[in-house]
Amino acid sequence: MPAWAQQSSGMGGAASGAPSKPIHDAQNRPITAGGFVNVGPIVFRDISKQSGLAGWKHVMGTPAKNYILETDGSGVGLIDYDNDGWLDIYMVNGSTYDALDGKTTPPHAALFHNNHDGTFTDVAAQAGVTNDRWGFGVAIADYDNDGWPDIFVANYGKNRLYHNNHDGTFTDVGEKAGITLGNWSDGVTWGDYDGDGRLDVYVTGYLHYDAHHQPSFGDPTVPNAFCQLRGMAVMCGPRGLKGEPDHLFHNNGDGTFTDVSVKAGVSDPGAYYGFTTTFADLENNGRMDLLVADDSTPNYLYHNNGDGTFEDDSYISGFAVNKDGREIASMGMALGDYRNNGLLDILITDFSDDYKVLYRNDGGLNFTDVSDEVGISSLPIPFLGWGAGFLDYDNDGWKDIFMVNGHVYPQVDKHDWGTSYAQRPLLFRNLHGEKFEYIPPVKGTGLAVVTPGRGAAFGDLFNDGKIDVVISPVDGPAVLLRNVNPDHHHWVEMKLIGGPKSPRDAVGATVYLTANGMRQREDILSGGSFISSNDQRAHFGLGEATDAGTAEIDWPSGAKETVKLPAVDRIYTIMEGKGITGALCGGRPCVQR
């Protein structure tokens, strides 16, 4: 048996790369929990406590993590639920076995209302969105086109669809909508795949699972090879366990949905271990294709045929496996045009002892693994990656890479394997689309936060034009990293409102901004990172340019619109067919001069 096959593991199946040599820092700490520097760029500040987020804690099973159900962690959704122009934060929570059996009060999800002063207040109970189920993924979208964002929560057990009541409260309409399913759902994405102006929803299945009969080492129904890491007994799976299929639900326009998975050709007949999923226009033809990051099984790329069906182009596109032809333990997924050439590229995070994969979009639905070429392959190998984002943290007009990390086995802390259970995030700066430069963690700053990270969402929480990061650790308090990068670069953001033939929240729109001598691309997406949902306002860094440039908007309806932006450092509201209808300056309506 080859060495790598001996480390069959729970969350990541087998890390398909060979066991890596332990790497330690000067204090002999694993590099995943060390490697701090005293001097360097300070990009993020940890404001979890002063913001109020650290008062909430994620809980999932037991700290021992004897079973795979306990290890995934949960997602984060950024949502302006009260339409006040400031992003609020939805934190999905897990559960405990006693809570599942009704013996104790379950841990609750949090809805953190943005107080506009750097602090947040948990209003989940008043809003009616505590979930009280074993929660995993979340995706934000206005599914009924009423102008108010709604929340889909994927659970072990029945899923929920929280409809926004326009008064600060939500109602769970999941049963009526017909989207509850009932086993282990994980990731969620919204997108109008058939162009009828209504958002449809895709839900990934992870395992077909029974919490009362969980597999463990020595279980005769599961080969022990799938319950070991480097010869050590750990929780079993996902390999060796039965997968759960994915589902596509068509929006009927009356508050109900119809499962069209088989008809549309996206039913996941192999029942792969589905994690993060995202609808996105990969061909620049106005149609929403579909991506699924699968754990320890091939990734899916479904090409939208334009007739209500999809074609499985996973292998022919190059996205199913990495450059070595190996399926990987895909967890998180980020989409972004890191070369500023108008094509969406894909970043996948995966297990430790393996490199994280950047798939360059070569056009025509052809993707190439360029992780080595751009310089991000070797350093992240000891890290086990989850949340991921393409974000322009320094507003220079080039999308950078952020990865959230954390192991799945607490046992790794007992062995000298060069990795750790709690891990720090990674940041790579984009060098004009050619290479990425590692930004070291300065001691005491946000990049030096060590936590068992899982879900993460990226967005401008303080309306200051800088992209912040919210992290959900497994079994830990929420983490809020505020972007304090010292650059004085300019920026613009755009909140889009779709017309009668587009989804109201413009999910599926693509924005191109021509400014500062470059043409950038941003897409309005629902779902991504690791089973999370990011800020749905298009954000563009402008460097030192003082001309905000011209936006070209490809609306989901097929309409194309060009809008000249009058000034930098503003958040514009743009309505389809009507141009700019409002602007925020410093979080307040701009004063006309």
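Biologist: What volume does the largest pocket have?

Modeller: The model is predicted, with pLDDT of at least 70 required for local features and 80 or more for side-chain atom pairs, whereas totals for chains, interfaces and linings use all residues. Residues are numbered from 1 along each chain as its sequence is written, and side-chain values use heavy atoms, without hydrogens or water. A pocket is an open set of points on a 1 Å grid over the protein atoms alone, with protein on both sides within 12 Å along at least five of seven lines. Counting volume as the space filled by probe spheres set on grid points joined across faces, edges and corners, the largest pocket comes to about 610 Å³.

Biologist: Which residues lie nearest the centre of the largest pocket?

Modeller: Its lining, meaning residues with an atom within 4 Å of a point, is made up of 31 residues. Two or more of these come from each of strand 2 (76–79), strand 6, strand 31 (490–497), strand 37 (570–575) and strand 38 (579–585), where a strand is a DSSP run of E of at least two residues, numbered from the N terminus. Nearest the centre of the largest pocket are Asp80, Asn83, Lys495, Leu496 and Arg537.

Biologist: Is strand 6 mostly covered or mostly open, and how many of its residues are buried?

Modeller: Strand 6 spans residues 134–141 and gives two or more residues to the lining of the largest pocket. It is mostly covered, and of its 8 residues the number that are buried (under 20% relative accessible area with a 1.4 Å probe, protein chains only) is 8.

Biologist: Which residue of strand 7 stands opposite Val138?

Modeller: Strand 6 pairs with strand 7 in the antiparallel sense over 6 bridges, a pairing that requires DSSP to find at least two bridges. Within this arrangement, the residue of strand 7 that stands opposite Val138 is Val153.

Biologist: Why does the aromatic pair of Tyr143 and Phe257 tie together parts that are apart in sequence, and how many residues apart are they?

Modeller: The structure holds 27 aromatic pairs, counted when ring centres of Phe, Tyr or Trp (its six-membered ring) lie within 6.5 Å, with planes under 30 degrees apart called stacked, over 60 edge-to-face and the rest tilted. Tyr143 and Phe257 form a tilted pair, 5.9 Å centre to centre with 50° between the planes. Tyr143 sits in the loop between strand 6 and strand 7 (150–158), while Phe257 belongs to strand 15 (residues 257–259), so the parts tied together are separated in sequence by 114 residues.

Biologist: Phe428 and Tyr438 also form an aromatic pair; which relative accessible area does Tyr438 have?

Modeller: The pair of Phe428 and Tyr438 is tilted, at 5.9 Å centre to centre and 50° between the planes. Phe428 is in strand 26 (residues 426–431) and Tyr438 in strand 27 (residues 435–438), so this pair joins parts 10 residues apart in sequence. Phe428 counts as buried at 1% relative accessibility, whereas Tyr438 is partly exposed (between 20% and 50%), with a relative accessible area of 24%.

Biologist: How many cavities of 30 Å³ or more are there, and what space lies in the largest cavity?

Modeller: A cavity is a set of grid points where a 1.4 Å probe fits but cannot get out, and the count at 30 Å³ or more is 2. The second largest cavity has a volume of about 70 Å³, with Ser20, Phe351, His407 and Trp417 among the residues that line it. The space in the largest cavity is about 500 Å³.

Biologist: Which residues lie nearest the centre of the largest cavity?

Modeller: The lining of the largest cavity has 34 residues, and the elements giving two or more of them are strand 20 (333–336), strand 24 (385–391), strand 28 (453–459), strand 33 and strand 34 (538–543). Nearest its centre lie Leu335, Phe390, Glu522, Asn534 and Asp535.

Biologist: Which residue stands opposite Glu522 in strand 33?

Modeller: Strand 33 belongs to an open sheet of 4 strands in the order 33-32-35-36, with antiparallel pairing. In this sheet strand 33 (518–523) and strand 36 (560–564) are the edge strands, each pairing on one side only. Strand 32 (residues 510–515) runs antiparallel to strand 33 and is joined to it by 6 bridges, and the residue opposite Glu522 is Val511.
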